[in-house]
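Hello,

Here is the structure you asked to take over. My notes follow below it.

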Amino acid sequence: MTQPDDTQDTFISHLVELRTRLLRAAMAVLAVFVILFLYPGPSAIYDILAQPMLASLPQGTRMIATGVITPFMVPIKVTLLASFIVSLPIVLYQAWAFIAPGLYKHEQRLALPLIASSTLLFLLGMAFCYFVVFRTVFQFIAHFAPESITPAPDIEAYLGFVMTMFVAFGITFEVPVAVILLVKTGIVSVKKLRAVRGYVVVSAFIIAAVITPPDVVSQFMLALPLCLLFELGIFVASLLERKSADDSQTADDAGTQETE
């Protein structure tokens with residue numbers, strides 16, 4: 001029987017381990033931030049982030065900063081965001097190293113691929129948003145601007161918009177992982193997911209209408225990947241479900257032969 005002192009020591013040791021992992025993750029982000037701050041620098045990084053918007057503005061038009069310290073703080077925030085993205089593998093490894101000792105071996109074999117695939121899919125979602133969605137949406141909006149108006153977006157508002165869209169598309173690209181987890185944990189079956197396909201499609205367009213700007217293009221460009229990724233998750237989950245059934249059948253056959 002575990003003594004109270006042993007339980008307290010275990011709890012404290014977990015807190016110490018958690019603090020160590022958090023510090024290492026923070027140090028990784030800080031180290032990358034210092035490197036990016038020195039080269040290429042916050043201004044250059046923000047210029048890269050602003051490129052899709054600048055490409056849609058009239059020739060010679062620039063973005064504006066309405067706050068006193070906004071020209072300094074916004075590039076710093078963008079650099080910090082870039083530092084977190086670059087150091088994301090290290091951050092996730094520290095999280096994995098903290099939770100791994102408490103998992104069974106079969107859970108460890110499942111968790112590591114899920115962490116790696118989740119990271120890759122989130123980054124792919126951000127890349128899709130930057131290279132495809134931003135350029136398409138900004139050009140679409142620019143065509144509707146009256147000739148009497150000169151667009152001059154505020155850099156802080158632009159950063160807020162970009163971060164919201166990055167998170168939205170990053171989470172959208174996590175749909176296959178969520179579907180696989182639901183099936184693997186037994187919460188829902190592949191057959192049930194296929195049955196609710198119509199509701200998922202409707203929900204995808206509702207979510208897109210709430211999150212994205214009020215234009216058809218951006219809503220469609222979020223809803224369509226969500227539906228396709230849901231189908232991809234169902235496909236992969238069905239393969240895993242079939243493989244698990246085959247493995248169980250093989251184990252049963254082996255047990256029957258040993259009994260005979």
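**Overall fold**

The protein has ten helices and zero strands. Read from the N terminus, the order of elements is α-α-α-α-α-α-α-α-α-α. Please keep in mind that this is a predicted model.

On dimensions: the radius of gyration is 24 Å, whereas a compact globule of 260 residues would come out near 18 Å. Along the principal axes, the C-alpha atoms fill a box of roughly 85 × 50 × 30 Å.

Burial comes next. Of the 260 residues, 34% count as buried. The exposed area of the protein is about 16,300 Å², and 69% of that is supplied by carbon and sulfur atoms.

I also looked at contacts along the chain. Take those between residues at least 6 apart in sequence: 82% of them join residues at least 24 apart.

**A nonpolar surface patch**

There is a nonpolar patch on the surface. Its members are F11, I12, L15, V16, L18 and L22. Together they have about 530 Å² of accessible area. One of them, I12, sits in helix α1, which covers residues 4-38. How does I12 count in terms of exposure? I12 counts as partly exposed, because its relative accessibility is 40%, and the partly exposed class runs between the 20% and 50% limits.

**T172 in helix α6**

Helix α6 spans residues 155-172, and T172 lies in it. Is T172 buried or exposed? T172 is buried: its relative accessibility is 5%, and the cut-off for buried is under 20%.

What does T172 touch, leaving aside residues up to four places away in sequence? The partners are L222, P225, L226 and L229. The side chain of T172 also has a polar partner in the backbone. A polar atom of that side chain lies 2.7 Å from the backbone oxygen of A168.

**M73 in helix α3**

M73 is placed in helix α3, residues 70-86. With a relative accessible area of 30%, M73 is partly exposed. P42 is 31 residues away from M73 along the chain. In space, the C-alpha atoms of M73 and P42 are separated by 9.5 Å.

**Where to look when you open the model**

- The surface patch that includes F11 and L22.
- T172 with its contacts, among them L222 and P225.
- The pair M73 and P42, at 9.5 Å between C-alpha atoms.

Over to you.

Best wishes

Key:
Residues numbered from 1 in each chain as written. Predicted model: local features only at pLDDT ≥ 70, side-chain atom pairs only at ≥ 80, totals over all residues. Heavy atoms only, no water. Patch = residues over 30% accessible without salt bridge, like charges linked within 9 Å, V, L, I, M, F, W, Y side chains within 5 Å. Areas by Shrake-Rupley, 256 points an atom, 1.4 Å probe, with all protein chains shown as cover. Salt bridge = Lys/Arg side-chain N within 4 Å of Asp/Glu carboxyl O. Helix = DSSP H or I, 4+ residues; strand = E, 2+ residues; numbered from the N terminus. Buried < 20%, exposed > 50% of the residue type's maximum accessible area, 1.4 Å probe, protein only. Polar contact = N/O pair within 3.5 Å; in protein donor to acceptor, adjacent residues only side chain to side chain. Contact = heavy atoms within 4.5 Å. Rg over C-alpha atoms; globule rule 2.2 N^0.38 Å.
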